[in-house]
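Subject: Structure for your study, with notes on what was found

Dear colleague,

Please find below the structure that I am handing over to you. I would ask you to look at it first and then to read the notes beneath it.

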Amino acid sequence: MTYEDTTNPYPAALPSVASCAYDTAWVASLPDPDRPERPRFPAALEWVFEHQGPDGSWGGEIAYEHDRILSTLSALCAVTRFKGDVRTARAVEAGQRYIWQHAHALSREPVELVGFELLLPTLQSRAARAGVRLPSYLDIYAEQRRRKLALIPSELIYSPKVTLVHSIEFLGDDVDVSRLASVQWENGSVGSSPAATAFFLHTRESEAAVEYLRRCLALDGGAAVPVVHPCETYDLLWSAYHRFLGGERGPGLLPAEAVKALRAALDAGEGISASATFPLPDADDTAVAILLLRSMGYDVKADALSPFERDGHYASYPYERHASSGVNMHVLDTLKWLPPTPERSAQIGRILTFLADTRTHGTYWIDKWHISPYYATAHALAALADLPEPHSHVADELARTALDWVRQTQNADGSWGFYDRPTAEETAYGVLALRHARRLALPEDDWRLELAVDYLLSRHDAEHPPLWIEKCLYTPRNIVNAAIEAALQGASRRRVSEVRFLGPPDPLPRGLVAGAGSARKRGPRGGRR
């Protein structure tokens, strides 16, 4: 597969991963090498100015302060990098005010972002040097930063084979420029991260890195970049997994070329990573690949999951500080497709204990890769279904408690939403969760499902707010749309036809039915989305 094929597997109306303020601001802060007083990518800087919200912040529409504060710090560093004017002064004043008003909320949020404990102090120092006034109590992560760095051998800090490379901008002024050259990957990026690649370019010129950023900018009209690129394997697997949760089976789940590549990697005992250009396999992509292939009738090995086993659970990557409940749900779901053995039974038992211990309020789950508990809880209910004896009793008890929480938290209009607004994505997860009521012999929820379908139909043209966790919150459009399609699989044929009719006129990847609003549509955060 060529690099071009890898980066754009789906010729869609919009890029799969929506652009974000955090990485775009890093790109916008790069100076022109010939005229350092000007930005290298002026359209990116203009995008940053346009996307400041009415409250002064940058970031996603959902007010999740880890995302808003880190994105705002990154944006303030960009808008103050070049000669300022009245617009710059106003942007800084509003951004400062937002951080002072909301920094205290960081400690109340349930899950951090990727590398947050490393990135926050670096962005704080960078913004302060640019003249941004910040509260002294902003950085409450000094101990977490120390613990995270203690997990990683010092000789691996500059290794391209450790996930730290994806957030290498955390080094800031402490970077060893002579060692930084080792972190660049073959596609020109640093860790498939526009932000990390921009940081790299602050220290040295690299035409390969510049070309990588240009490819990222081209995904969304030349002005903004996503938080990660490319991620075509992740995009493909998780879209297919959501369709699987909706009941789809058979050879249509994955294209033949992907099946061939995934089978070859797994048969060789290798894990699966987010992209052919991302040389760091993870347990999530590996587990889902095994599950999908086995469900399609392929006898693939599960040996590639062994390196991710820990004491009582599975890790996403080496050197992580927090275990992912979602990873363990997906491994559990995969184990159901493996031959019954005493070892498999023991693995199922350990994961059930882990999931029982990691519930929030002893009721539902929140995963480290998604801020909404409806995502993790819907995936948990799927994994807990139809487990063999002697595990089915424990699994059913966990499922009943979680399902009751889902049922009781549905809004009057049929939607679900954990934060300050309902969303189509979370409503889709609510629908997928409710489908387990009949299996557990609980009361019929047809009226709840009908309300939810009505809500999803009313939101067919909406742009989905970022809920997925990276260095900032982001939206993987194809994956979210696949979840919505999966939720609608239980609707009548008339209703499914109605959804497809209401879809956008531009060509979309196979199976997408919702959420393809205009890339230049003005939204509640101000500016273009």
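The notes that follow begin with the whole chain and then turn to helices and single residues.

Please keep in mind that this is a predicted model. The chain contains 21 helices and 2 strands. Of its 529 residues, 60% are buried. Its accessible surface comes to about 20,600 Å², and carbon and sulfur atoms account for 52% of that area. How much of the contact in the chain, counted at a separation of 6 or more, is between residues 24 or more positions apart? Such pairs make up 72% of those contacts.

**Helix α18 and its surroundings**

I suggest that you begin with α18, which spans residues 424-434. Is this helix mostly covered or mostly open? It is mostly covered, for 11 of its 11 residues are buried. Two glutamates, E425 and E426, are among these buried residues, and so are T427 and G430. The cover over the buried residues of α18 includes the helices α11, α16, α17, α19 (446-458) and α20, as well as the strand β1 (468-469).

One of these neighbours, α20 (residues 477-488), deserves a closer look. Two packed helices are described by the angle between their axes and the distance between the axes. For α18 and α20, the angle is about 40 degrees and the axes are 8 Å apart. This angle makes α18 oblique to α20, because an angle counts as roughly parallel only under 35 degrees and as roughly perpendicular from 65 to 115. The crossing of α18 past α20 is left-handed.

On the side of α18, the residues in contact are A424, E425, A428, Y429, V431 and L432. On the side of α20, they are V480, A483, I484, A486 and A487. Sorted by class, this contact has 10 nonpolar residues, no polar residues and 1 charged residue. You may find it useful to recall that an α-helix has 3.6 residues a turn, so residues three or four places apart point the same way.

**Helices α12 and α13**

A second pair of helices can be described in the same terms. Helix α12 covers residues 256-267 and helix α13 covers residues 283-295. Their axes lie 11 Å apart and meet at an angle of about 115 degrees. The two helices are therefore roughly perpendicular to each other. Here too the crossing is described by its hand: α12 passes α13 in a left-handed crossing.

The contact is made by V259, L262, R263 and L266 from α12, together with T286, A289, I290 and L293 from α13. By class, this contact has 6 nonpolar residues, 1 polar residue and 1 charged residue.

**Details of the backbone in the loops**

Where are cis peptide bonds found in this chain? One of them runs from H229 to P230, with omega near -5 degrees. P230 belongs to the loop between α10 (207-218) and α11 (232-245). Another cis bond joins E389 and P390, and its omega is about 5 degrees. P390 lies in the loop between α16 (373-384) and α17 (392-408).

The loop between α10 and α11 also holds L219. L219 is partly exposed, with a relative accessible area of 28%. Leaving aside residues up to four places away in sequence, L219 touches P15, P226 and H229. Although L219 and H229 are 10 residues apart along the chain, their C-alpha atoms are separated by 9.7 Å.

Two further loop residues have a positive phi although neither is a glycine. For S192, phi is about 55 degrees, and the residue sits in the loop between α8 (177-180) and α9 (194-203). S192 is buried, with a relative accessible area of 0%. For Y319, phi is about 65 degrees, and this residue lies in the loop between α13 and α14 (325-335). Y319 is partly exposed, at a relative accessible area of 30%.

Finally, is S107 buried or exposed? S107 counts as exposed because its relative accessibility is 55%. It is found in the loop between α5 (86-102) and α6 (116-129). S107 and Y141 are 34 residues apart in sequence, while their C-alpha atoms are 9.7 Å apart in space.

With kind regards

Terms used. Residues are numbered from 1 along each chain as its sequence is written. This is a predicted model: local features need pLDDT of at least 70, side-chain atom pairs count only at pLDDT 80 or more; totals for chains, interfaces and linings use all residues. Side-chain values use heavy atoms; hydrogens and water are left out. Helices (H or I, at least four residues) and strands (E, at least two) are DSSP runs, numbered from the N terminus. Buried means under 20% relative accessible area, exposed over 50%, partly exposed in between (1.4 Å probe, protein chains only). Contact means heavy atoms within 4.5 Å. Accessible areas come from the Shrake-Rupley method with a 1.4 Å probe; for residues, only the protein chains shown count as cover. Axes are lines fitted to C-alpha atoms, for helices over the stretch in contact, and angles run from 0 to 180 degrees between N-to-C directions. Angles under 35 degrees count as roughly parallel, over 145 as roughly antiparallel, 65 to 115 as roughly perpendicular and the rest as oblique. A crossing is left-handed if the near helix is turned anticlockwise from the far one by less than a right angle, and right-handed if clockwise. Ala, Val, Leu, Ile, Met, Phe, Trp, Tyr, Cys and Pro count as nonpolar, Asp, Glu, Lys and Arg as charged, and the others, Gly among them, as polar.
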